[in-house]
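User: Please take a close look at one part of this model, the larger of its open sheets if there is more than one, and describe how its strands are arranged and joined. I would also like to know how far the prediction can be trusted there and what lies around that part.

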Amino acid sequence: TTGGFKFPDGTTQTSAAAGNVSGWTDGGTSVYTTTTTDNVGIGTTSPGGLLETRYINAGNTASSGVQLGNTSTAITIDNYTYNPQITSKIAAGTYGSPSAIVSSQVLLRITTSGYGTSAYGNGPRIDIKSEEAWTDTAHGANIAFFTVPNGGTTTTERLRIDNAGNVGIGTTVPGAKLEVAGNINSSTGALQTAGVTRIDNSGVGTLAAGTTIGGAAVAGLPAG
């Protein structure tokens with residue numbers, strides 16, 4: 001409707017004077033439901049949380065929605081017929097004239113924060129970043145996981161899955177399918193490579209000649 005808002009019940013509001021208007025209150029610097037316990041629905045007449053948005057297609061065969069602030073869950077995302085998903089979009093340039101993103105651009109960051117004795121502080125986070133300048137045919141990216149040690153406040157990267165699928169623990173540049181910077185301990189089971197190299201927790205096994213650890217050959221191994 002030109003010059004106003006048309007509501008699902010067919011009524012139209014063309015002004016937003018201060019005070020109570022159709023269940024809303026304009027406080028001058030904020031607009032809120034006059035009854036603060038009321039739920040707000042966009043695309044639905046029966047919102048299940050403080051705010052719910054819902055899309056239903058013309059044939060009523062597909063629906064998607066986001067619900068904020070119900071009694072048990074802060075955010076609920078649902079989708080019928082299709083898969084529920086969260087999508088982040090980023091570009092360089094401007095909204096009207098986007099351009100390609102560069103390498104090391106954060107595509108999505110999930111952060112946590114908690115209250116200490118006097119202020120909020122950072123907790124663990126997950127970063128998804130580009131690993132190259134993007135084109136229409138090149139979208140290299142990685143995922144990194146960060147934690148904070150007990151007794152500290154610094155968020156530190158602990159694990160990374162790079163663009164090639166290599167996993168690094170304690171390293172940001174894994175050079176193999178799994179690279180660990182530090183000790184590896186197995187309380188049960190064993191580490192075995194193609195039936196040739198075997199190290200198990202009992203301290204016995206078979207090491208073939210030519211085996212290297214950290215790039216150095218292990219001396220004194222049998223030939224076969």
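Analyst: In this predicted model, an open sheet is formed by 6 strands in the order 12-13-14-15-16-17, with mixed pairing. At its edges stand strand 12, covering residues 106-115, and strand 17, covering residues 178-180, and each of these pairs on one side only. From one strand to the next, the twist averages 20 degrees.

The joins can be followed from strand 14 towards the edge at strand 17. Strand 14 runs antiparallel to strand 15, which spans residues 156-161, and 5 bridges join the two; within this pairing, A144 has R160 of strand 15 as its bridge partner. Strand 15 is in turn joined to strand 16 by 3 bridges, again in the antiparallel sense, and here L159 finds its bridge partner in I169 of strand 16. Strands 15 and 16 also make a hairpin with 5 residues between them, and in that turn G165 has a positive phi of about 90 degrees. The last step is in the parallel sense: strand 16, residues 167-169, pairs with strand 17 over 3 bridges. I169 appears once more in this pairing, since V180 is its bridge partner in strand 17, so that I169 is bridged to L159 of strand 15 as well as to V180. As a general point on such elements, the side chains of a regular strand alternate between the two faces of the sheet.

How confident is the predictor in this region, and where in the protein is confidence highest and lowest? Strand 14, residues 141-147, holds the highest mean, at 98, whereas the lowest belongs to strand 3, residues 19-21, with a mean of 53. Over the protein, pLDDT averages 83, and 76% of the residues score at least 70. Where pLDDT is low, the predicted coordinates should not be read in detail.

Several side-chain and loop features can be placed around this sheet. R125 lies over the face of F146, at 4.0 Å from the ring centre, and F146 falls within the range 141-147 given for strand 14. A search of the whole structure for aromatic pairs finds 1, namely Y115 with Y120, which meet edge-to-face at 5.0 Å centre to centre with 75 degrees between the planes. The angle places this pair in the edge-to-face class because that class requires planes over 60 degrees apart. Are these two tyrosines buried or exposed? Y115 has a relative accessible area of 51% and is exposed, and Y120, at 64%, is exposed as well; the value for Y115 should be read against the cut-off, because exposed means over 50%.

Two loops next to strands of this sheet deserve attention. The loop between strand 14 and strand 15 contains T153, which is exposed with a relative accessible area of 69%. The C-alpha atom of T153 is separated by 7.9 Å from that of G123, although the two residues are 30 apart along the chain. Ahead of strand 12, the loop that follows strand 11 (98-99) contains S104, whose phi is near 70 degrees, a positive value in a residue other than glycine.

For comparison, an open sheet of 4 strands has the order 6-7-8-9, and its pairing is mixed too. Strand 6 (40-42) and strand 9 (75-80) are its edges, and because each has a single partner strand, one side of each is left without a neighbour in the sheet. Its neighbouring strands are turned by 10 degrees against each other on average, direction ignored. Strand 8, residues 63-68, pairs with strand 9 over 6 bridges in the antiparallel sense, with S64 standing opposite N79 of strand 9. In the loop between strand 9 and strand 10 (92-93) sits T81, which is not a glycine but has a positive phi of about 90 degrees; at 58% relative accessibility, T81 counts as exposed.

Finally, the setting of these sheets is a protein with 0 helices and 21 strands. Buried residues make up 17% of its 224 residues, and of the contacts between residues at least 6 apart in sequence, 9% join residues at least 24 apart.

Note on methods
Residues numbered from 1 in each chain as written. Predicted model: local features only at pLDDT ≥ 70, side-chain atom pairs only at ≥ 80, totals over all residues. Heavy atoms only, no water. Phe/Tyr/Trp six-rings, centres within 6.5 Å; stacked < 30°, edge-to-face > 60°. Buried < 20%, exposed > 50% of the residue type's maximum accessible area, 1.4 Å probe, protein only. Lys NZ or Arg CZ within 6 Å of the ring centre and 35° of its normal. pLDDT = per-residue confidence, 0-100. Pairing = 2+ DSSP bridges. Axes fitted to C-alpha atoms, helices over the stretch in contact; angles between N-to-C directions. Contact = heavy atoms within 4.5 Å.
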